[in-house]
Amino acid sequence: RAALTRDLEECAPQEQDECPPTQGQPDYSPPLPPPLPSLPQSIARRMSSFFNSISTRIKDVFKQGLTPSALSWSFTYGIIGGIFPIPGVTTVICAFFTWMFSLNIAATQLANLLCTPLDLLMVVPFIRIGEAVFFVQHPVNAGALFDGLQSDFIATLGQFASSLVMAVCAWALVGAFLAPLLYLLIHPVVTACMKEAKK
């Protein structure tokens, strides 16, 4: 009884607090949430380096003293060349455009670089357009085409040569209509960016 009275006296001053837990009592507090996943540092550094490189190249292009019209046409044909339906050939196509139309090679290749993901996505649509133009009754297997390009690029080009030729024809038709539309869209943006850069 004396021990019970002593324990009650120890707890009495703590009006709102609970009595201190006894040794060995389990902790029922909720566990901490797991940390949020983060990108590996190597990938984060590469992404940061890539975007910094793109930003630097864009600034350099606008510092070359080109007219808005010349820069807009360079971006336009860089985009059109950048979606050429044969992967790995877009740099050559853009270089040809640069020579043929007296474009700025830095701006053209910059637009080509930015269109790299779009280039891969446009291969099959251009093949389908070409098949429709030439009334092909048996469409090519797109999955087999991409698998072949990954395993044996050169042999696949020969195996699917007819489909790729039709895709190039479709690309040429689309590009003929797309070029003036792209120019009309890009020119106001380039003009505004040049005015902003001069401030």
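Which element gives the largest share of the lining of the largest pocket? Keep that in mind as you open this predicted model and follow the stops below.

**Stop 1: the largest pocket**

Start by selecting I58, F62, F75, L110, A111, L114, L185, I186, V189, V190 and C193, the residues that line the largest pocket. The volume enclosed here is about 160 Å³. Now colour by helix: α2 (41-62), α5 and α9 (161-198) are the elements that each give two or more residues to this lining. The opening question is settled by α9, which supplies five residues, the largest share.

**Stop 2: S72, facing α9**

Next, pick S72 in helix α3, which spans residues 68-82. Is S72 buried or exposed? S72 is buried, because its relative accessible area is 0%. Show its surroundings, leaving out residues up to four places away in sequence, and you will find Y183, I186, H187 and V190 touching S72. Two of these names may look familiar: I186 and V190 are also among the residues lining the largest pocket.

**Stop 3: S163, further back along α9**

Stay with helix α9 and select S163. This serine counts as buried because its relative accessibility is 8%, and the cut-off for buried is under 20%. Setting aside neighbours within four places in sequence, S163 is in contact with I127 and V140. Now draw a distance from S163 to R128: the two residues are 35 places apart along the chain, yet 8.9 Å separates their C-alpha atoms.

**Stop 4: T156 in α8**

Move to helix α8, residues 153-159, and click on T156. T156 is buried, since its relative accessible area is 3%. Which residues does T156 touch, once those up to four places away in sequence are left out? They are L145, G148 and L149. For another distance to draw, try T156 to F146: these residues are 10 apart in sequence and 8.8 Å apart in space, C-alpha to C-alpha.

**Stop 5: F135, out in a loop**

Now for a residue with an unusual label on your backbone plot. Select F135, which sits in the loop between α6 (116-133) and α7 (142-151). Its phi is near 55°, a positive value in a residue other than glycine. Is the F135 side buried or exposed? F135 is exposed, because its relative accessible area is 71%.

**Stop 6: S102, another positive phi**

Go on to S102, in the loop between α4 and α5 (105-114). Here too phi is near 55°, positive although the residue is not glycine. S102 is classed as exposed because its relative accessible area reaches 66%, and exposed means over 50%.

**Stop 7: a nonpolar patch on the surface**

For the last selection, take F96, W99, M100 and F101 and switch on the surface. These residues form a nonpolar patch there, with about 480 Å² of accessible area together. Focus on F96, which belongs to helix α4, residues 90-101. How exposed is F96, and what is its relative accessible area? F96 is partly exposed, because that value is 41%, between the limits of 20% and 50%.

**Before you close the viewer**

Two views are worth saving. One shows the lining of the largest pocket, with α9 giving the largest share. The other shows the nonpolar surface patch of F96, W99, M100 and F101.

Notes. Residues are numbered from 1 along each chain as its sequence is written. This is a predicted model: local features need pLDDT of at least 70, side-chain atom pairs count only at pLDDT 80 or more; totals for chains, interfaces and linings use all residues. Side-chain values use heavy atoms; hydrogens and water are left out. Patches are made of residues with over 30% relative accessible area and no salt bridge: like charges are joined within 9 Å, nonpolar side chains (Val, Leu, Ile, Met, Phe, Trp, Tyr) within 5 Å. Accessible areas come from the Shrake-Rupley method with a 1.4 Å probe; for residues, only the protein chains shown count as cover. A salt bridge is a side-chain nitrogen of Lys or Arg within 4 Å of a carboxyl oxygen of Asp or Glu. Helices (H or I, at least four residues) and strands (E, at least two) are DSSP runs, numbered from the N terminus. Buried means under 20% relative accessible area, exposed over 50%, partly exposed in between (1.4 Å probe, protein chains only). Contact means heavy atoms within 4.5 Å. On a 1 Å grid over the protein atoms alone, a cavity is a set of points where a 1.4 Å probe fits but cannot get out, and a pocket is an open set with protein on both sides within 12 Å along at least five of seven lines; lining residues have an atom within 4 Å of a point. Grid points are joined across faces, edges and corners, and a volume is the space filled by probe spheres set on the points.
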